[in-house]
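Work through the following exercises with the sequence and the model in view. Each task is followed by a solution that goes step by step.

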Amino acid sequence: MSAITVPPSSDRASTWDRVRTYRPPNRYLPIIATAALFLGLFGVGGMRYDGLTDPQVLMSLLIDNAFLIVLGVGMTFVILTGGIDLSVGSVVALSTMIAAKTLELGWSPYASMAAVLATGTLLGLLMGLLIHYFDIQPFIATLAGLFLARGITYLISVESISIKDPTFTELAFRTVYIGDYYIRWTAIIALATVAVAAYVLARTRFGRTVYAIGGNEASAMLMGLRVAATKVGVYVISGFCAALAGLLFSLYILSGNSLHAIGMELDAIAAVVIGGTLLTGGRGYVLGSLLGVLVLGIIKTLISFDGTLSSYWIRIITGVLLLAFVIVQRFATRRRA
Amino acid sequence: ESGSGGNDDGTITMGFAQVGAESGWRTANTKSIQETAEAEGIDLKFTDAQGKQENQIQAIRSYIQQKVDVIAFSPVVETGFDAVLQEAKAAGIPVILTDRAVDVEDTSLYETFLGSDFVLEGEKAGEWLVENAKEADVDGDGTVNVVQLEGTTGAAPAIDRAEGFAEKIAADDSIEVTASQTGDFTRDGGKQVMESFLQSDDSIDVVFAHNDDMGLGAIEAIEAAGLEPGKDIQIITIDAVKDGMQALADGKINFIVECNPLLGPQLMDLAKKVLDGEEVPERVVTEETTFTQEQAAEVLPERQY
Amino acid sequence: MRTQPETVSPPGAETQPVIEMRDISITFGAVRALDGVSVRLFPGEVHALMGENGAGKSTLIKALTGVYTIDSGVITIGGEQHEFHSPAASQAAGISTVYQEVNLVPNLTVAENMLLGREPRRFGSINVREMNRRARRTLLHLGIDIDPRTVLDEHPIAVQQLVAIARAVDVEAKVLILDEPTSSLDADEVEKLFTVMRRLRDEGVAIVFVSHFLDQIYEIADRMTILRNGRLVEERMVADTTQLELVRLMIGRELEVLDRLDRAAPQTDAGSGTPLLKAVGLGRKNTLEATDLELFEGEVVGIAGLLGSGRTELARLLFGADTADSGELAVRSHRRRLRSPRHAIDRNIAFSSEDRKAEGVVGDLTVADNMLLALQASRGWLRPIPQATRTRLVKDYIEALDIRPADPNALMRNLSGGNQQKVLLARWLITEPEILILDEPTRGIDIGAKAQIQAKVAELAAQGLSVVFISAELEEVLRLSDRLVVMRDRRKIHEQTNDDVSVRDVLEIIAGEAREGETRA
Amino acid sequence: MQDGHLYGNVIDIMRNSAPVMLVALGMTLVIATRGIDLSVGAIAAIAAAVACTRIIGAGDEAALSTAVMAMTYAIVVCIVLGAWNGLLVSVLGIQPIIATLILMVAGRGISMAITDGQITTVNNPWFSDLASGFVLTLPLAFLVAVGMVVFTALLTRRTALGMLIEAVGINPEASRLAGVRARTIIWTVYGFSGLCAGLAGLVIAANTNSVNANSLGLWIELDAILAVVIGGTSLMGGRFSLAGTFIGALFIATLARTIPNIGIPSEVNYLFKAVVVIAVCLLQSPKARALLRVRRPGAPTLVKAGSPA
Ligand SMILES: Nc1ncnc2c1ncn2[C@@H]1O[C@H](COP(=O)(O)OP(=O)(O)OP(=O)(O)O)[C@@H](O)[C@H]1O
Ligand SMILES: Nc1ncnc2c1ncn2[C@@H]1O[C@H](COP(=O)(O)OP(=O)(O)OP(=O)(O)O)[C@@H](O)[C@H]1O
Ligand SMILES: [Mg+2]
Ligand SMILES: [Mg+2]
């Protein structure tokens, strides 16, 4: 991210002056607020529930949400251009199914992974072309994508298929120890995806064009930017990320199932928006989406640590925590806006 | 200080990860478990995965971190629990499955599985139809035309019940499933699908619904079409929830295969045994029966869910 | 200080035109926006496109740069027949364009906006440091001292316009097209822009320039093509055409109204009676220092100042578009807190914003709906304006302001820039306000219509309307106002009755204050 | 004809389209202001839960007054819930999708809490008539939905409401400066969306004489948005078309009916839907149509210069 953190007159100022007068630009406020609130939520929970402050809980949060983080990354690209991608949940299901089925058919695990990634990317490409070249609203085009991917999944198999391939299980169980705490490879891949995406958005022409389209598509076009390629590109990226998330998900649950990931697209969208990205496009960061995923995750963790809520109170409390979160975030970012 | 659980204070802490609250059946199941736990002084940590496997895994993982004494759950789907169950095993926490099985390589990952056998339920329904094929051929054309209201596509109960049913009716050539469509386990779904079946086919003899709710929806559709459910079209369902039993007693349904949600007592019993180090069987099938119209009228008054 | 460069070649000379457009026609539904128009553009000349609002200037530009596809006609570039299919293609071919409405992206920084699509890179990734440096350098060339790292929409429309210009002149282009680049700028900025334009012209760049300020045309342009109603009228050398002749060519008849405009003496005695509007110490952190202002019935107060002097901010506070954090406001000596534009409108105040695209135009609604929006809003949704009244009001104002096309059901976004501005003006006049705040009301409006609007303001003031008039064009402010307020550096520095104050006087007041400020500092 | 009313696929489609039509109606106005309402399914479930528990709790379960009271009560609750969404969006300035997501999540819980998680069955012929009744040979539910559409059309087009909604959706800042009370308008449309969702919930509940808090109206928001968008209203806000929404809702109901009717197996449902949705959208898309036409030599092209390509 471009490090524009100092006021204009800083050229002559000393380093200390810069630190002292440091004041984050307005556009980073949502992210900072989200991070602070996340830590706050964590702290408050830690006071109430034993064991929540265990760093392993944080690690588990990453492990359990690796696929959602990757989905969030792809979704961030799409939402930044002012679009939306409803197909990602279904693509995750399709990916698990393709992986499971091809492995069952005896494919090499790498061929299987390649097939998964290629399928997701291709679906993304198709939707992108529909959206850009036929002027179909992203909501509909990707809703059709949702139906299509889920339909293909059912067509491959209605029943769930276990993944028993040694390479997959090996990957799924491989852990990295950091002191006493462990993290899985999937989480590391997710974090790497975030890093790559952050770089692409901040430091490549493609990334800046994404923001430009979200800011004003007509202007971007008049400025001579590669609007078509970029608009199709974000859906390709989202499709790829969904497939990658699907791979991570199939490592997470080692099976392919047509009922996986129903409604996961909403989780991904919610995470992105909670992370401070505007649904109208043009403003937001992948780092925010990562935080958004963690916020959703910590809410679930808090609830399972509590363990005394009934099914309906779980839903109500989830809503209330979400509400509290967005309201506080709103006021934190509004003050200086 | 380690977690809130632990045997040190004598009480058992159980982490229970429920699938969701998708049906009356499930709610009865949850209630039974919560009430029994309370009655037996077991400290129950409950979460509801809202139908999502990832939520369930996350919940189980948090139980491991909280160091509960025993974990029980009704898996959302059969596959994909290997990793988290291995973690539980590594942490020395025994696991009991309820309601639905999981499909893992290493069966030592869980102690026991308590629940119904969905295939068997389908078979019972099929058997009854084969035995009563004559009466079921309501229009007397020599073939029994069955329409099937499936559960959610891909869900284990839907797949298994269809499978068990198909297997048994294969014994009788005159019985034929002419149409089959998902009604998503809901009344509204059952009603809408049945409406369209009635429009496109006027030789329907029997409806086989994968649960009571869809059967009840079908009844509404049949009545709206001016026919008499139970007479003009026979209905077989699975579950035996109260509304279903009422309809059975009223003669609108012809046969119900029970699928018992009241697993609480058996579950707590098993948990205690496991924690005391007793041997438990690998598979405990819930005691379930079937109901005809006469039987329904008898047991209806003391039906609690 | 006109330079008459020798490089200009008369038509027919041996120099080849860089671009020649022949018999171009474009139709939008029933509107024939261009009808067989031909234009030639030579290297090393400034070529002005002239015409009234809606004559087809912007359309012609968009046809050239590939925004619109032409229905018929031929475009030759460097002697070869060629047609662009996207703005990107025209850019790649060395045509750099500033379109009429500011077409930048508000959510990115100034530097990014200037260099989007051609950012300096190092090892494949954007070199932000270098980008900001380059942006700052280009901006300074144009005399703009802003931090290129700030986000674009923090800046007023005039600055955005300068940034758009900076973006266009920063590339090595063969052709530079500027569609009304000066509509929000004051004399200083215009002069700086002209310096850059002259340099580029001398380097052999062909420049297309559109402006409704005839003085500017005469200062900078060498040749011009005149359009009327989508048709070509004539191509002329500027030096061979008098202003009067030009106006006649543009509007097709003599323009009488221009001479009648001189409003000699102030009509009301400022300071008598109770003021209609009175602001005491009105201010807002970081945007405006505490300012006093009085406005009497039937009075036109002109606010003069340079770009960024705080005129717009003052107007917005008077209207409640922003909330003041200090000071008091009294309307008819009742103290009021204007918490929203709505409050102001209820007190019969109207405000026409300088940023027409972002704060005025509701593009997807019709001209009629746009005109009636404010009136309807103040009546509330339950009391729709009766159909007959609607038709009458809309028809009256379309005629009074000569809005073209004269179709109440045309979509607002399809109108030419100047005509949109007229509709917005009509929106406020229709509400029959007592206080009318006009921020750059004549932005992008052609000479005939400008005169009409000025006359209208004067007429309304005579009937008792009080007006706050802000314009980058000092002559206009001076011509219209009874009392003059001068602003600088976000505060009021001077106030006086307008008794034949001249542009020079005002500039001296501003400059004097500047010197004072320097000695003080 | 049967029992004095029409009977058949078309009639079923009309009846079954009612809930989506109602929800889509409210959604159209919300979308016109650049918003979106994800909570409609949950609100529908709450309406049904409130009405059914009220009917059961009433002295005379089968009375007309019971049904009317229960429904009125449910609708009022829904308007309040809708206004709550409006509050979050307009006053607190929270992004609509998140603001309504909160109620989407919590609302299911609330409706489960009301019914105690049980499927509540009611026996009230008047209530039941809301879905199954017929008036003038047409299904009452359909007439209610059409009535609401017509009412809304009159409300928005005979007053200035429609134009003000569109203005707010197209350019909020310009509208604010023109004195439009954007807050009130946004508040109103979300409240109205709540009302419509509530009505839809009642129709669905009446259809089966029961409420299942968990599944009632599940994913109806997707169907409704689809109906709105197919009807030609852009998700970016602005111009809206109620007639389009009406057709969109009918289309969705027809699609749902076609699947079992032509005997498509359950596992192919989604594929079928995908193909139909894409086909319909391509047919609507001027660019796709133009492309088709170009293929046929001689036919005039429709590519208009006006659309910036
Ligand atoms: N996309 C469009 N659809 C319909 N009509 C259009 C469109 N674009 C322009 N027009 C019409 O074409 C005519 C020419 O407009 P244009 O913008 O070229 O005028 P202009 O000469 O630039 O005027 P101004 O000085 O006001 O900017 C106008 O009548 C306008 O209404
Ligand atoms: N040339 C400039 N250099 C730096 N900042 C500028 C410049 N022009 C305008 N600004 C900014 O504009 C703001 C004040 O603008 P405002 O719109 O109130 O001024 P104005 O007098 O209405 O001028 P105009 O409308 O002509 O831009 C200040 O915050 C200032 O930062
Ligand atoms: Mg123009
Ligand atoms: Mg200004």
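**Exercise 1.** Determine whether C:Gly56 is buried or exposed, and describe its surroundings.

*Solution.* In this predicted model, C:Gly56 has a relative accessibility of 7% and therefore counts as buried, where buried means under 20% relative accessible area, exposed over 50% and partly exposed in between, with a 1.4 Å probe and protein chains only. Next, place the residue: C:Gly56 lies in the loop between strand 3 (46–50) and helix 1 of chain C, helices (H or I, at least four residues) and strands (E, at least two) being DSSP runs numbered from the N terminus. Leaving aside residues up to four places away in sequence, C:Gly56 touches C:Ala33, C:Leu34 and C:Leu227, contact meaning heavy atoms within 4.5 Å. Finally, the C-alpha atoms of C:Gly56 and C:Ser38, which are 18 residues apart along the chain, are separated by 12 Å.

Residues are numbered from 1 along each chain as its sequence is written, while chains are lettered from A and ligands numbered from 1 in the order in which they are written. Because the model is predicted, local features need pLDDT of at least 70 and side-chain atom pairs count only at pLDDT 80 or more, whereas totals for chains, interfaces and linings use all residues; side-chain values use heavy atoms, with hydrogens and water left out.

**Exercise 2.** Identify which residues coordinate the magnesium ion (ligand 3), and explain what their pairing ties together.

*Solution.* The ion is coordinated by C:Ser58 through OG and by C:Gln100 through OE1, at 1.9 to 2.1 Å; donors are N, O and S atoms within 2.8 Å of the metal (3.2 Å for Na, K and Ca), and since water is not among the atoms, sites may look incomplete. C:Ser58 belongs to helix 1 (residues 57–64) of chain C and C:Gln100 to the loop between strand 6 (95–98) and helix 3 (110–115) of chain C, so the pair ties together parts that are 42 residues apart in sequence. Both C:Ser58 and C:Gln100 are buried.

**Exercise 3.** Characterise the shell around ligand 1.

*Solution.* Begin with the count: 20 residues surround ligand 1, and the closest are C:Lys57, C:Ser58, C:Thr59, C:Ser416 and C:Gly418, a residue being near a molecule or strand if one of its heavy atoms lies within 4 Å of it. The shell divides into six nonpolar, 11 polar and three charged residues. Helix 1 of chain C gives the most, with three residues. Turning to individual atoms, a backbone N or O atom of C:Gly54 lies 2.8 Å from an oxygen atom of ligand 1, and a side-chain N or O atom of C:Asn53 is 3.0 Å from an oxygen atom of this ligand. Taken alone, ligand 1 exposes 640 Å², of which the protein buries 90%.

**Exercise 4.** State which residues are the protein donors of the magnesium ion (ligand 4), and where they lie in the chain.

*Solution.* The donors are C:Thr312 (OG1) and C:Glu354 (OE), lying 1.7 to 2.5 Å from the ion. This pair links distant parts of the chain, with C:Thr312 in helix 9 of chain C and C:Glu354 in the loop between strand 18 (349–352) and helix 11 (356–359) of chain C, 42 residues apart. C:Glu354 is buried, with a relative accessible area of 11%. Both C:Thr312 and C:Glu354 are also among the closest residues to ligand 2.

Note on methods. Polar contact = N/O pair within 3.5 Å; in protein donor to acceptor, adjacent residues only side chain to side chain. Areas by Shrake-Rupley, 256 points an atom, 1.4 Å probe, with all protein chains shown as cover. Nonpolar A, V, L, I, M, F, W, Y, C, P; charged D, E, K, R; others polar.
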